[in-house]
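Work through these exercises with the structure open beside you. Try each task before you read its solution.

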Amino acid sequence: MENEIKSIVGKFNKDPMRLMDILLDVQAEMDHVPEEAVELIAKELDISNVDVEQTKSFYHFFTDKPQGKYTIYLNNSATANMMGRAEVAEAFEKAVGCKFECTSDDGMIGLYSTACIGMSDQEPAAIINGHVFTNLDPYKVRALVASMKAEKPIEEMVEKYGDGNNSSNLIKAMVNNNIRKKGPVLFSEYETGTALKKITDMDPQDVINEVKNSYLRGRGGAGFPAGLKWDFCRRAQSEERYVMCNADEGEPGTFKERVILTEMPQRCFEGMAIAGYAIGAKEGILYLRYEYKYLQEYLEKVLNDMREANLLGKNLAGKEGFDFDIRIQFGAGAYVCGEESALIESTEGKRGEPRNRPPFPVQKGYKDQPTVVNNVETLCSVVKIMEKGAEWYTMMGSRESAGTKLLSISGDCKYPGVYEFEWGIRIRDILEMVGAEDVQAIQVGGPSGTCIGPRDFKRTLAYEDLPTGGSMIIIGKERKLLQDVVRNFTEFFIEESCGSCAVCRSLTVILRNKLDKIIAGKGTQSDIDDLKKWTKYGKMANRCGLGQTAANPIATTMENFMDKYEDLIQKEVEYDTGFDLAAAVAESCNYVGRKPNL
Amino acid sequence: MSEKIKFTIDGKECYAEPGQNVLDAAADNGVYIPSLCHVRGLIPAGSCRICNVKIAGRNMTACTTPVEEGMEIENDTAELQDMRKAIVEMLFVEGNHFCPACEKSGNCELQALAYRFQMMVPRFPYEFPLRKPDSTAPKLWIERNRCIKCKRCVRSIKTADGKNIFAFRKRGHEVEIQIDHELAAQMTDEEAKKAADICPVGSILYKEKGFSEPIGTRKFDKNAIGSDIEKVV
Amino acid sequence: MSKPVVATTSLAGCFGCHMSILDIDEKILDLVELVEFNKSPIDDIKEFTKPCDIGLIEGGCCNSENVHVLKDFRKNCKILISLGECAIMGGLPALRNGIPVQECLEEAYLNGPSVSGNKKGILPNDDELPMILDKVYPCHEVVKIDYYLPGCPPRAELIWEALAALITGNELKLPYEVVKFD
């Protein structure tokens, strides 16, 4: 093992900042990161064992033990559940012969749950040894497991490739793009390099001004003006600056960036280069979520093609002194790394814990240098803005919300997939377009967003009305909102909290338990009152976007669907501790062999 | 002298050195802002969230916010005090805090904050998690049941060449403190004692010593936490 | 006006809190003047003979009998007070919480270092015995509790001041030194 580790660590110049890549390679090579490997890595990097362990143990896809020759990560998001995950999971357990979160006794097949893998429009879906399997059903599951037992190579189990580039030689995935509506900005005709060649004649400050004039706001969810961010970064005193592209698309129900990176990654990379020119950066990093690792070879090829076309590398687009290149940094399964400062920490080989602000990343980001972190969609929009001009862009949408927005739409509708809309579109019109009938609720912007009901369907998607990072999960009338959706989302936040802040770490569990009490029929009005009071601590006290919104699934459904809570509580009882004597004595009575006399 | 920054806390006029954080600056002006993770001189973690104050309508942690000229800070408001008390209560139910049997009782900052806020019982249900202590370090006992994950040890206790002896493991609700066994074995008495002292609760204990101070003479037996700050000035 | 009626009990506790009640020294005479005791180990009244105003609960609930007694107190007392750390948070008996009951029983009756003579490996399972709960519950997680007096034991002064305030209806003002968890 020692030689293997030495060679991996050597590959990354014994740089502790590349610990993520080192661990990714070790995990890929050994199917886990054993304690011995942790010690060897620490020795090679000259850091303490606990330093390696703290990063390793933070990420979902770094494991202590081998997970199996075939490791199945089945998505457990609310959308997956809506689309029949329970039957699929049961079929897996039956066929494999072990429960989830375990590996079969012979070490052949591991069954594990994972958070949303960005396939909400083709659920239930799983990642098996890095390959994505979509639209699973019990029949397909049985066939898959039979193939695994016959030790068939995983590539051969992918029977049909998806549309567009999904079927290209370097991807070969059964994933579908499901592009349902193209728009003028993102899914539009464009010749790679046009914008880049145009801007290299401009002064970098003019590039920033053009972005400012377009009123483009960050598409990750927070909606911070992109031009302003670039301006701050350019003004920060430093020799070095960095551009990072946030492709850690982890918000359950969101998958639009996967489609962009499948169909037009060039646009994203070009956007990064433009940002690099504008702020004066030489290095760009695409932080890509581990779940999209199946795109790696393809994206590396695209980067190489762009280098060959002089759109990356030295003297870009013929501009003397404009050097810019991009590397891909993979995550390893942590939603919180989508928070920009956590993403930077992760890229530096650390735990994905959001940083305190100030300083902001534009002042002190990657390697403590000024860094711009933009979302994939934002950078793609920049390219089109530079090509056609800010004025063209602002003619779409409204002043507060210029341009168009990509939406990932999933759940109870006929046409789930990706849509490009002009900002300002009415929710009701969207519902009609996606073929959604009998809608009970819509989760706008994922679990961290808002759950709205029919009385809000007349509202519009816009920063000044209903802002969104880019997803809508449609929840039909037949769903049990609290049990099927709110509880799942709350669990998601428990799972994904980095654990640094006391309130985020602790409150999420407290809220889940209280919700469980209400769902179990043991709640009273006082429990509803408690929940209402307690959710506000999350927003007040937490440091990052994850923590501040972790109570949103409960808080926003209490605002819009209070009747669902009231339906579940005991009306005739004023107070109930929820104590259940029969349940409390069951275990001991069972063990000593006596019948409980209650 | 003219370099001092002028700001207010709950209307009281205060002065700070440039670059000072709100929490330290408040203390220098005789205003106590409760906190568990902050220690003057360490890089602020902003992780316990108790020092939350309101500045220009926004909630900010005092330990991570530099004072700015003219800042108007709200500290002693009913809303903030309720939230701080709630956080203390969360920490009590999240771990296993058996005060009567704890070596740190009377000198524990978590307990002291509970006294200050007159916590009679946490409003949240107890979790009673199963946590495993670690006794492998020759001089230190890591009692994870009491750990509040403030990262004081992580931030302050390092080897001479800057390596971490303490670090987090896992994430979220499962987060726990780990101690590097190799490095812990080389800790001097002085370093071990420093680690035990910096821990605000009884989670890092110096082995073979405990309950050495009689009840009544311990740090917070008679004086509330923060009262020393409030007495100054 | 008739005297307020007080009942007390010790569940999974050590009787230390009851000792602390007695520790109010000569004020015990004042207390007897002020209140009438009903069901309590202090006067050895075993069952409630009338509705009570105040119930003082020492100890948490570790078995089914504790639960029954506590519920009985809730039924018979207008105000219930959790007295001491065990009633409030389970206290030392709750050190077992988190460990599966099976392991606790094995340690106590089969494998523990102090076990001898149980060669047949018998686990107590007679119907007459209280049933062990999966964990030790704080009293307020079983029934509604109105007030809490922390301490191990609560300082005699705290008990006295709290009872006096309740009985007289005066505002309870506690000096800092009185409320302690140890």
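## Exercise 1: A five-stranded sheet in chain A

Task: Find how strand 1 (residues 70-75) of chain A pairs with strand 3 (residues 109-114) of chain A, then place both in their sheet.

Solution. The model is predicted. Step 1: strand 1 and strand 3 of chain A run parallel, and 6 bridges join them.
Step 2: take one bridge as a check. A:Asn75 has A:Thr114 of strand 3 as its bridge partner.
Step 3: widen the view. The open sheet has 5 strands in the order 2-3-1-4-5, with mixed pairing.
Step 4: look at the edges. Strand 2 (102-103) and strand 5 (131-133) of chain A each have a single partner strand, so one side of each lacks a neighbour in the sheet.

## Exercise 2: A six-stranded sheet in chain A

Task: Give the strand order of the open sheet of 6 strands in chain A, and say which strands stand at the edges.

Solution. Step 1: the order is 6-12-11-15-13-14, and the pairing is mixed.
Step 2: the edge strands are strand 6 (179-181) and strand 14 (450-452) of chain A. Each has a single partner strand, so one of its sides is left without a neighbour in the sheet.
Step 3: neighbouring strands of this sheet are turned by 25° against each other on average, direction ignored.
Step 4: follow one edge inward. Strand 6 of chain A pairs with strand 12 (residues 417-422) of chain A in the parallel sense, over 2 bridges. Here A:Lys181 stands opposite A:Tyr419 of strand 12.

## Exercise 3: Helix 16 of chain A

Task: Test whether the span of helix 16 (residues 376-388) of chain A agrees with its number of residues. Then judge its surroundings.

Solution. Step 1: helix 16 has 13 residues, and at 1.5 Å a residue it should span 18 Å.
Step 2: its end C-alpha atoms are 19 Å apart, which agrees.
Step 3: 11 of its 13 residues are buried, so-called when 20 or more other C-beta atoms lie within 10 Å of their own. The helix is mostly covered. Among the buried residues are A:Val376, A:Leu379, A:Val383 and A:Met386. Charged side chains appear in the buried set too, including A:Glu377 and A:Lys384.
Step 4: step past the end. A:Gly389 follows helix 16 of chain A, and its phi is positive, near 95°.

## Exercise 4: Strand 3 of chain C

Task: Explain why strand 3 (residues 52-58) of chain C is largely enclosed, and trace its partners.

Solution. Step 1: 6 of its 7 residues are buried, so the rest of the structure largely encloses this strand.
Step 2: strand 1 (residues 5-10) of chain C pairs with strand 3 in the parallel sense, over 5 bridges. In this pair, C:Val6 has C:Ile54 as its bridge partner.
Step 3: strand 5 (residues 77-83) of chain C also pairs with strand 3 in the parallel sense, over 6 bridges. C:Ile54 stands opposite C:Ile79 of strand 5.
Step 4: put the steps together. C:Ile54 has C:Val6 as a partner in strand 1 and C:Ile79 opposite in strand 5.

## Exercise 5: Contacts between chains

Task: Describe how chain B is contacted by chain A and by chain C.

Solution. Step 1: 33 residues of chain A are in contact with 34 residues of chain B. Helix 20 (502-519) of chain A is among the helices that supply at least two residues. Helix 20 gives the most to this side of chain A, with 8 residues.
Step 2: class the residues on this side of chain A. They are 15 nonpolar, 11 polar and 7 charged.
Step 3: 23 residues of chain C are in contact with 19 residues of chain B. Helix 4 (residues 85-89) of chain C gives the most to that side of chain C, with 3 residues.
Step 4: class these residues of chain C as well. They are 13 nonpolar, 5 polar and 5 charged.

## Exercise 6: Domains of chain B

Task: Name the domains assigned to chain B, and describe their contact.

Solution. Step 1: the assignment gives domain 1 (5-76) and domain 2 (89-206). Their C-alpha centres lie 25 Å apart.
Step 2: 9 residues of domain 1 are in contact with 12 residues of domain 2.
Step 3: the touching side of domain 1 has 8 nonpolar residues, 1 polar and no charged.

Definitions and conventions. Residues are numbered from 1 along each chain as its sequence is written. Chains are lettered from A and ligands numbered from 1 in the order in which they are written. This is a predicted model: local features need pLDDT of at least 70, side-chain atom pairs count only at pLDDT 80 or more; totals for chains, interfaces and linings use all residues. Two strands pair if DSSP finds at least two bridges between them. Helices (H or I, at least four residues) and strands (E, at least two) are DSSP runs, numbered from the N terminus. Two residues are in contact if their C-beta atoms, placed from the backbone, lie within 7 Å. The expected span of a helix is 1.5 Å times one less than its number of residues. A residue is buried if 20 or more other C-beta atoms lie within 10 Å of its own, exposed if 12 or fewer, and partly exposed in between; C-beta atoms are placed from the backbone. Axes are lines fitted to C-alpha atoms, for helices over the stretch in contact, and angles run from 0 to 180 degrees between N-to-C directions. Domain bounds come from an automatic or database domain assignment.
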